Amino acid sequence: MTFLDLLRSASARHDSMLCVGLDPEPQRFPLHWRGDAARMADFCMAIVDATADRVCAFKPQIAYFAAHGAEAQLERVIHHIRAVAPGVPVILDAKRGDIGSTAEQYAREAFERYRADAVTLSPFMGFDTVEPYLRYEGKGAFLLCRTSNPGGDDFQAQRLADVPGQPRLFEHIARLAQGSWNRNGQLGLVVGATRPAEIERVRALAPTLPLLIPGVGAQGGDADATVRAGWRADAPIVVNSSRAILYAGSGPDFATAARTEAERTRVQLNAARG
């Protein structure tokens with residue numbers, strides 16, 4: 001089963017466009033674990049248990065684990081997702097982007113070590129830095145396209161004088177991902193929820209690609225506007241929320257609070273689709 005098949009299946013089965021981002025910050029853990037980096041896997045696995053039937057994907061952020069030397073805990077978390085939510089895809093948020101031989105090693109890391117179903121990538125260095133990931137049959141890769149951070153304008157919004165029509169860089173990336181780069185139907189795009197007009201533009205240029213849309217929740221993205229701009233019946237969107245769900249509660253019932261917030265977000269997203 002391909003990544004896209006997994007995503008569509010989980011979305012339909014759970015009636016969900018919601019992805020829970022796993023960005024564990026020990027200083028924000030519930031009081032009985034606060035500051036204890038050895039509890040990162042325990043914290044994330046509790047969130048997974050509480051939300052597994054309400055999501056279409058989980059998105060662990062590798063930097064939050066690597067900063068604490070906790071890669072083994074990340075492996076535990078992904079193994080746990082496989083055990084309790086076997087049909088829910090795992091998107092490894094790594095944002096890698098390097099030359100071919102190095103990209104081959106990053107691809108091994110994502111798909112062999114961590115056994116992720118998809119990975120986030122930076123396309124800035126060109127197709128040869130993306131291609132090694134596409135050698136893994138059935139795996140997915142989400143290319144950064146129009147991000148929500150303020151500095152995204154520095155490059156993504158600039159027009160390309162040497163490309164016919166002088167598209168903005170993010171528009172050019174969307175066309176490449178929809179077209180010549182997407183040789184085996186493995187690509188998707190990352191578009192920030194804080195830019196709904198540009199989600200709509202990306203969707204027009206890439207009508208069939210899955211869109212990974214972070215920024216709903218603590219980052220201030222509007223869930224209703226996000227869904228209206230990006231959702232199509234034949235093209236999935238994966239709307240990520242991290243902090244608003246992870247840290248919905250700070251006591252022993254933190255996982256219950258996370259489930260409540262996940263369900264609230266899921267229902268809100270679905271209402272916007274209708």
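**Salt bridges and nonpolar cores**

In this predicted model, Arg-54 and Asp-53 form a salt bridge in which the closest N and O atoms are 3.3 Å apart. Both residues of this pair are partly exposed: Arg-54 has a relative accessible area of 21%, and Asp-53 has a relative accessibility of 32%. The value for Arg-54 places the residue outside the buried class, because buried means under 20% relative accessible area.

Arg-54 also forms a salt bridge with Glu-263, and here the closest N and O atoms are 2.7 Å apart. Arg-54 lies in the loop between α2 (40-51) and β2 (57-60), whereas Glu-263 belongs to helix α11 (residues 254-273), so this pair ties together parts that are 209 residues apart in sequence. Glu-263 is likewise partly exposed, at 24% relative accessibility.

A further salt bridge is formed by Glu-171 and Arg-201, with 2.9 Å between the closest N and O atoms. Glu-171 is located in helix α7 (residues 169-178) and Arg-201 in helix α8 (residues 196-205); the pair therefore ties together parts that are 30 residues apart in sequence. The two partners fall into separate accessibility classes, since Glu-171 is buried, with a relative accessible area of 5%, while Arg-201 is partly exposed, with a relative accessible area of 31%.

Salt bridges that share partners join Asp-15, Asp-53, Arg-54, Arg-259, Glu-263, Arg-266 and Arg-273 into one network. Arg-54 thus appears in this network together with Asp-53 and Glu-263, its partners in the two salt bridges described above. In total, the structure holds 25 salt bridges. In general, side chains of opposite charge can pair when their charged atoms come close.

The nonpolar residues were examined next. The largest nonpolar core has 76 residues. Within this core, the residues with the most contacts are Val-20, Leu-22, Phe-43, Phe-58, Leu-92, Val-119 and Leu-189. Helix α2 gives the most to the core, contributing 9 residues. When neighbours within four places in sequence are left aside, Phe-43 is in contact with Pro-24, Phe-29, Pro-30, Trp-33, Leu-246, Tyr-247 and Phe-254. Apart from the largest core lies another, of 13 residues, among them Leu-7, Cys-56, Ile-91 and Ala-118.

Technical notes: Residues are numbered from 1 along each chain as its sequence is written. This is a predicted model: local features need pLDDT of at least 70, side-chain atom pairs count only at pLDDT 80 or more; totals for chains, interfaces and linings use all residues. Side-chain values use heavy atoms; hydrogens and water are left out. A salt bridge is a side-chain nitrogen of Lys or Arg within 4 Å of a carboxyl oxygen of Asp or Glu. Buried means under 20% relative accessible area, exposed over 50%, partly exposed in between (1.4 Å probe, protein chains only). Helices (H or I, at least four residues) and strands (E, at least two) are DSSP runs, numbered from the N terminus. A nonpolar core is a set of buried Ala, Val, Leu, Ile, Met, Phe, Trp, Tyr and Cys residues joined through side-chain atoms within 4.5 Å. Contact means heavy atoms within 4.5 Å.
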